[in-house]
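Student: I should like a close look at a single part of this protein, namely the place where its helices pack, together with the core around it. Please set it out as one connected account.

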Amino acid sequence: MQSIKLNEAVMYCFGTPLFKARIRDHAAMNAELAAFLRKERDATPDKHMSAVRGWQGRKDLFEHDHPALNRLKGQVAKAVIAVTQTYFGQALDPAKCFVNGEMWGNIIPSGGYTKLHNHSKSHWSGVYYIDVDQTEGDWPENGCIEFVDPRSFPTAFHHPKFSMLPSLTIKPENGLMLLFPGWLNHYVHPYHGPAERISIAFNAMIRVDD
Ligand SMILES: [Fe+2]
């Protein structure tokens with residue numbers, strides 16, 4: 001009987017990319033970023049975006065000159081160029097790529113969470129975790145970010161053993177950066193822990209010159 005090699009025929013149409021990157025030796029940069037954002041919180045009111053019981057600052061940090069912020073922006077630019085290359089399968093010359101956009105800080109206390117939302121005007125959106133409490137809490141989703149399956153009807157796949165509804169839940173950790181298309185819905189589960197959680201979010205645009 002002739003065998004059929006189905007694996008060679010699998011194509012994932014309409015797949016949704018999500019990239020994880022880790023910044024090595026992030027401790028000093030993160031400490032400076034945390035101090036900077038705490039100062040920002042004292043000086044600027046909450047912008048009332050998606051966070052509940054938390055502070056989200058002004059969105060123009062991509063233009064703000066600050067040593068640690070500049071270092072992070074460099075890492076974001078490198079990541080944006082890398083994911084663009086990977087996703088579109090095209091080599092890019094970093095010298096001809098320019099990344100900018102919006103960037104803002106988040107400080108979330110115990111009891112805070114983020115409502116379901118997405119990000120507009122963005123090629124790649126993302127978040128970088130600066131100082132997040134790593135304790136487990138009473139449930140595994142404590143303070144985790146959850147990405148929502150963008151497909152319309154994966155529930156139509158009925159099977160007693162298999163499901164097409166993957167739960168993409170990611171636990172924040174210091175130094176971790178996530179990048180995803182701005183249209184991808186996501187939210188953050190309620191966080192309960194002893195310390196505030198500090199992160200920076202961004203909407204990045206990439207220009208590639210000829
Ligand atoms: Fe978000």
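Tutor: The account below begins with the overall layout, turns to the helix pair and ends with the core.

The model is a predicted one. Its protein chain holds 2 helices and 11 strands, arranged from the N terminus as β-α-β-β-α-β-β-β-β-β-β-β-β. Along the principal axes, the C-alpha atoms occupy a box of roughly 70 × 50 × 30 Å. Of the 210 residues in the chain, 41% are buried. When contacts between residues at least 6 apart in sequence are considered, 84% of them link residues at least 24 apart.

Two packed helices are described by the angle between their axes and the distance between the axes. For H1 and H2, the angle is about 120° and the axes lie 8 Å apart. An angle of about 120° falls outside the 65 to 115 degrees that count as roughly perpendicular and is not over 145, and H1 and H2 are therefore oblique to each other. Their crossing is left-handed.

On the H1 side, the contact is made by Met 29, Glu 32, Leu 33 and Phe 36; on the H2 side, these meet Pro 67, Ala 68, Leu 69, Arg 71 and Leu 72. Sorted by class, this contact comprises 7 nonpolar and 2 charged residues, with no polar ones.

Two residues of that contact, Leu 33 and Leu 72, recur in the largest nonpolar core. This core has 34 residues, and Leu 33, Leu 72, Met 103, Met 177 and Leu 179 are those with the most contacts inside it. Two or more residues each are supplied by helix H1 (27-43), helix H2 (67-88) and the strands E4 (97-108), E6 (124-131), E9 (176-180) and E11 (197-208). H2 gives the largest share, 9 residues.

Met 177 shows how the core connects with H2. Beyond its neighbours within four places in sequence, Met 177 contacts Leu 72, Gln 75, Val 76 and Ala 79, among others. Its further partners include Phe 19, Ile 23, Val 127, Tyr 128 and Phe 202. Another core, of 11 residues, lies apart from the one just described; Val 132, Phe 147, Leu 176 and Leu 178 are among its members.

Strand E4 also carries Asn 106, which is buried at a relative accessible area of 8%. Not counting residues up to four places away in sequence, Asn 106 touches Trp 55, Gln 56, Arg 197, Ile 198, Ser 199, Ile 200 and Ala 201.

Notes
Residues are numbered from 1 along each chain as its sequence is written. This is a predicted model: local features need pLDDT of at least 70, side-chain atom pairs count only at pLDDT 80 or more; totals for chains, interfaces and linings use all residues. Side-chain values use heavy atoms; hydrogens and water are left out. A nonpolar core is a set of buried Ala, Val, Leu, Ile, Met, Phe, Trp, Tyr and Cys residues joined through side-chain atoms within 4.5 Å. Buried means under 20% relative accessible area, exposed over 50%, partly exposed in between (1.4 Å probe, protein chains only). Helices (H or I, at least four residues) and strands (E, at least two) are DSSP runs, numbered from the N terminus. Contact means heavy atoms within 4.5 Å. Axes are lines fitted to C-alpha atoms, for helices over the stretch in contact, and angles run from 0 to 180 degrees between N-to-C directions. Angles under 35 degrees count as roughly parallel, over 145 as roughly antiparallel, 65 to 115 as roughly perpendicular and the rest as oblique. A crossing is left-handed if the near helix is turned anticlockwise from the far one by less than a right angle, and right-handed if clockwise. Ala, Val, Leu, Ile, Met, Phe, Trp, Tyr, Cys and Pro count as nonpolar, Asp, Glu, Lys and Arg as charged, and the others, Gly among them, as polar.
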